[in-house]
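Open the model in your viewer, keep the sequence panel beside it, and follow along one selection at a time.

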Amino acid sequence: MTDRPIPADFELAETTVAAVHAAFEETTLTAAGLVEAFLDRIERYDDALNAIITTNEAAMDRAHELDARFASDGLTGPLHGIPVAIKDNHDTADMPTTAGSVRFAEFVPESDATVVERLREAGAIVVAKTNLQELSFGVDSVSSLGGETHNPYALDRRPSGSSGGTAAAVASNLAVVGTGTDTCSSVRSPPAFTNLVGLRPTIGLVSRTGIVPLSLTQDTAGPITRTVEDAARVLDVLVGFDPADPVTARGVDQTPAEGYLAHVDPSGLEGARIGVLRDFFGVSDATNPAADTAPAVTATIETALATMEAAGATVVDDVSLVDPDRLESARVVGDEFERDFDRYLAEHAATPVDSLRELAESGTVAESVERRLLEGAILDTDVDALETDPDYLRSLADREALRTDAIAGLVEADLDAVVYPPSAVLPVEIPEHQPFSEMRCALAAHTGLPSIVVPAGFAGDDIPVGLELLGRPFAEPRLFELAAGYEAAADHRHPPAGFE
């Protein structure tokens, strides 16, 4: 197969895995032509976005290799030839892994993260690594290496974080699909702010090996895509047992034999029961810089609820699953960050620093992140005493109680899922900081339950709003059904102006 440009009748913007593979099968498109087109888009558009930290110099070679294999064997995997943007906290043995830190600009790990390995085995082409909130510590997507990422729907606003670079890249069609990581919000609020789909899997479904950690008991990788179908396709590739991450043993026998893609059903809302978590609506801190936008978010979600009902769902309004005070007490990022980051450093050769403290005190970290590290309690944790620390152990116990309460609430009310806004407010204007107090991420993060974000519509001047559906353990198949049903009924996805 010879290289050829993108055919005139192929719509590069908003393309999907299925559309790309259909063009491959028709021999009107090559992986090399596709990758070249996306690299051209990155060069043309990323100056306005700061979504990309590094493009992959080997991407074209990989595309040529896949084209040769296609000529002899056809599609070699479920993501054959698909350009993927991955968050730059995923280890890559052929590219730097920086976590957004200028100190790590030249650090290349010895091997790929497990999720990267699985993407490549499925035929994906890593076309770029994306900007993020430095060290994933926050929700602005600003880093010392990548600068500030801008929201493609409103360039003067934040895309949220920490996976804001991936979200901005996928939303503006700099890749077909992407991946992020989520400790508390990071594959959910960025898609909500950029008119995308984001899935946080059940803890234990996707390996964390080779991902720069923030809080290992909460961290997980997940897909960020333009459609529910493509999110299912990516999750099908990411899941599986990893001996290096024993927590993934929980996911064994929990994945559908037919795959997640089989559960993408445009009639998936028919007969569904969805509860509304009213406690998660409205502003929490009236002094935050986006407090006045909360009514617009609520109004958009109200319209989405009516759409769900019209598509056949029973909306139960309202329900409560957990004690809000206990939900807050279960936060452990401050306890685990230094311990887990330092372990990651110890497991890798040639890291530019030996500890989180050394990095925080180096004077190189983005100012807003450095301030939180040095002025908070992060570096005051006695990590050697954590296993006997009563406050930490109490937080872990609270999480187990929350998980039990949430599952029991879903079962008792006979609910397929609950719905709420991923953020109670809209994206703030740069240089304001996105208020974490308005993120509604803790329920999934602290219980380990799965949730999916889908576009809910727009507020104000074409600013995206997302809605989040949270379900029972390993209920990703049902969440894909519900999300696909809503996506088909609402059809809110369109590319940002200027990036068509």
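## Starting with the rings

A search through the whole structure, which is a predicted model, turns up eight aromatic pairs. A pair of aromatic rings is described by the distance of the centres and the angle of the planes, so keep your distance and plane tools handy for the next stops.

Select Tyr 153 and Phe 458 to begin. Their ring centres are 6.3 Å apart and the planes stand at 50°, so this pair counts as tilted. Now colour by element to see where each ring comes from. Tyr 153 sits in the loop between strand 5 (147–148) and helix 5 (164–171), while Phe 458 belongs to strand 12 (residues 451–459), so the pair ties together parts that are 305 residues apart in sequence. Which of the two is buried? Tyr 153 is, with a relative accessible area of 10%. Phe 458 has 26% relative accessibility and therefore counts as partly exposed, since buried would require under 20%.

Next, select Phe 280 and Tyr 420. Here the centres are 5.0 Å apart and the planes meet at 70°, so the pair is edge-to-face. This pair also links distant parts of the chain: Phe 280 is in the loop between strand 9 (273–276) and helix 8, and Tyr 420 is in strand 11 (residues 417–420), 140 residues away. Switch on a surface and you will find both Phe 280 and Tyr 420 buried.

One more ring stop: select Phe 137, Phe 337 and Phe 341 together. Ring pairs link these three into a cluster.

## Across the sheet

Hide the side chains and show the cartoon. You are looking for an open sheet of 11 strands with mixed pairing, in the order 1-3-2-6-8-7-12-13-11-9-10. At its edges are strand 1 (52–55) and strand 10 (314–317), each of which pairs on one side only. Looking along the sheet, the twist averages 30° from one strand to the next.

Now zoom in on strand 3 (residues 125–130), which has strand 2 (residues 83–87) as a parallel partner over five bridges. Two places to label along this pairing are Val 84, opposite Val 126 of strand 3, and Lys 87, opposite Thr 130 of strand 3. Then turn to strand 1, which runs antiparallel to strand 3 and is joined to it by three bridges. Pick Thr 55 here: its bridge partner in strand 3 is Ala 128.

How many residues of strand 3 are buried? Six of its six are, so colour the strand by accessibility to see how it is covered. Add helix 2 (residues 31–49) to the view as well: this helix lies across strand 1, strand 2 and strand 3, running at about 15° to strand 3.

## Two helices that cross

For the last stop, select helix 8 (residues 294–310) and helix 15 (residues 476–490). They pack at an angle of about 100°, with their axes 10 Å apart. That angle makes helix 8 roughly perpendicular to helix 15. To see the contact, show sticks for Ala 304, Thr 307 and Met 308 in helix 8, which meet Tyr 486, Ala 489 and Ala 490 in helix 15. Coloured by residue type, the contact divides into five nonpolar residues, one polar and no charged.

Note on methods. Residues are numbered from 1 along each chain as its sequence is written. This is a predicted model: local features need pLDDT of at least 70, side-chain atom pairs count only at pLDDT 80 or more; totals for chains, interfaces and linings use all residues. Side-chain values use heavy atoms; hydrogens and water are left out. Two strands pair if DSSP finds at least two bridges between them. Helices (H or I, at least four residues) and strands (E, at least two) are DSSP runs, numbered from the N terminus. Axes are lines fitted to C-alpha atoms, for helices over the stretch in contact, and angles run from 0 to 180 degrees between N-to-C directions. Contact means heavy atoms within 4.5 Å. Angles under 35 degrees count as roughly parallel, over 145 as roughly antiparallel, 65 to 115 as roughly perpendicular and the rest as oblique. Ala, Val, Leu, Ile, Met, Phe, Trp, Tyr, Cys and Pro count as nonpolar, Asp, Glu, Lys and Arg as charged, and the others, Gly among them, as polar. Rings of Phe, Tyr and Trp (its six-membered ring) pair if their centres lie within 6.5 Å; planes under 30 degrees apart count as stacked, over 60 as edge-to-face and the rest as tilted. Buried means under 20% relative accessible area, exposed over 50%, partly exposed in between (1.4 Å probe, protein chains only).
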